[in-house]
Amino acid sequence: MGQHELFINAFRKHDPSGSADLEAVLDRFTTKKFQKKTFVLKEGGICREFFFVNEGMIRTFVNHDGDEITTWVALPGTIETS
């Protein structure tokens with residue numbers, strides 16, 4: 001599967017008429033790869049990005065009295081932000 005194929009399919013699903021300029025949207029994206037267990041955003045940080053999950057997953061959690069409580073899991077084909 002091509003680097004952006006999953007994103008393009010998801011984008012077209014939400015814009016079946018093709019009214020949005022897909023190329024303009026793709027021009028605003030950069031590809032980032034993270035190692036497993038990497039913090040994309042640490043507690044107290046300000047999120048300035050959207051993440052489209054191409055492969056793997058992003059786990060969102062909160063720290064409650066020292067315990068990590070999972071609040072969301074973003075799977076391939078989904079968008080994640082804080």
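**A nonpolar core, a hairpin and two pockets**

In this predicted model, the largest nonpolar core is built from 7 residues: F7, I8, A10, F11, L22, L26 and F52. Two elements, α1 and α2 (22-27), each give two or more residues to this core. The largest share comes from α1, which supplies 4 residues. That fits a broader pattern: in soluble globular proteins, nonpolar side chains tend to be buried together. L22 is a handy residue for seeing how the core hangs together. Once its neighbours within four places in sequence are set aside, L22 is in contact with F7, I8, F11 and R12. Of these, F7, I8 and F11 are themselves listed in the core.

Next come the strands. β2 (58-64) and β3 (residues 67-74) run antiparallel and are joined by 7 bridges. Two of the facing pairs are easy to pick out on the structure. H64 stands opposite D67 in β3, and V62 has I69 as its bridge partner in β3. Together β2 and β3 make a hairpin, with 2 residues between them. In the turn sits D65, whose phi is positive, at about 55°.

What about empty space? Rolling a probe the size of a water molecule over the atoms shows where empty space is left. The largest pocket found in the model has a volume of about 1700 Å³. Its lining takes in 44 residues, and the closest to the pocket's centre are F34, V40, F51, M57 and I58. β1 (51-52) and β2 each supply at least two residues of this lining, and β2 gives the most, with 6 residues. Sorted by class, the lining holds 16 nonpolar, 15 polar and 13 charged residues.

The second largest pocket has a volume of about 190 Å³. Its lining is made up of F7, A10, F11, K13, H14, F52, G77, T78 and I79. Here helix α1 (residues 5-14) gives the most, with 5 residues. By class, this lining splits into 5 nonpolar, 3 polar and 1 charged residues. Some of these names have already come up: F7, A10, F11 and F52 line this pocket and also belong to the largest nonpolar core.

Two loop residues round off the picture. M57, one of the residues closest to the centre of the largest pocket, lies in the loop between β1 and β2. Is M57 buried or exposed? Its relative accessible area is 54%, and the cut-off for exposed is over 50%, so M57 counts as exposed. Even so, M57 has contacts from further along the chain: leaving aside neighbours within four places in sequence, M57 is in contact with V73, A74 and L75. Of these partners, V73 and A74 fall within the residue range of β3. M57 and K33 are 24 residues apart in sequence and 12 Å apart in space, C-alpha to C-alpha.

T31 sits in another loop, the one between α2 and β1. With a relative accessible area of 49%, T31 falls between the 20% and 50% limits, so T31 is classed as partly exposed. Not counting residues up to four places away in sequence, T31 touches Q3 and H4. T31 and L6 are 25 residues apart in sequence, while their C-alpha atoms are 13 Å apart in space.

Terms used. Residues numbered from 1 in each chain as written. Predicted model: local features only at pLDDT ≥ 70, side-chain atom pairs only at ≥ 80, totals over all residues. Heavy atoms only, no water. 1 Å grid on protein atoms, 1.4 Å probe; cavity = no way out; pocket = protein on both sides within 12 Å on 5 of 7 lines; lining within 4 Å. Points joined across faces, edges and corners; volume = space filled by probe spheres on them. Nonpolar A, V, L, I, M, F, W, Y, C, P; charged D, E, K, R; others polar. Pairing = 2+ DSSP bridges. Core = buried A, V, L, I, M, F, W, Y, C linked by side-chain atoms within 4.5 Å. Buried < 20%, exposed > 50% of the residue type's maximum accessible area, 1.4 Å probe, protein only. Contact = heavy atoms within 4.5 Å.
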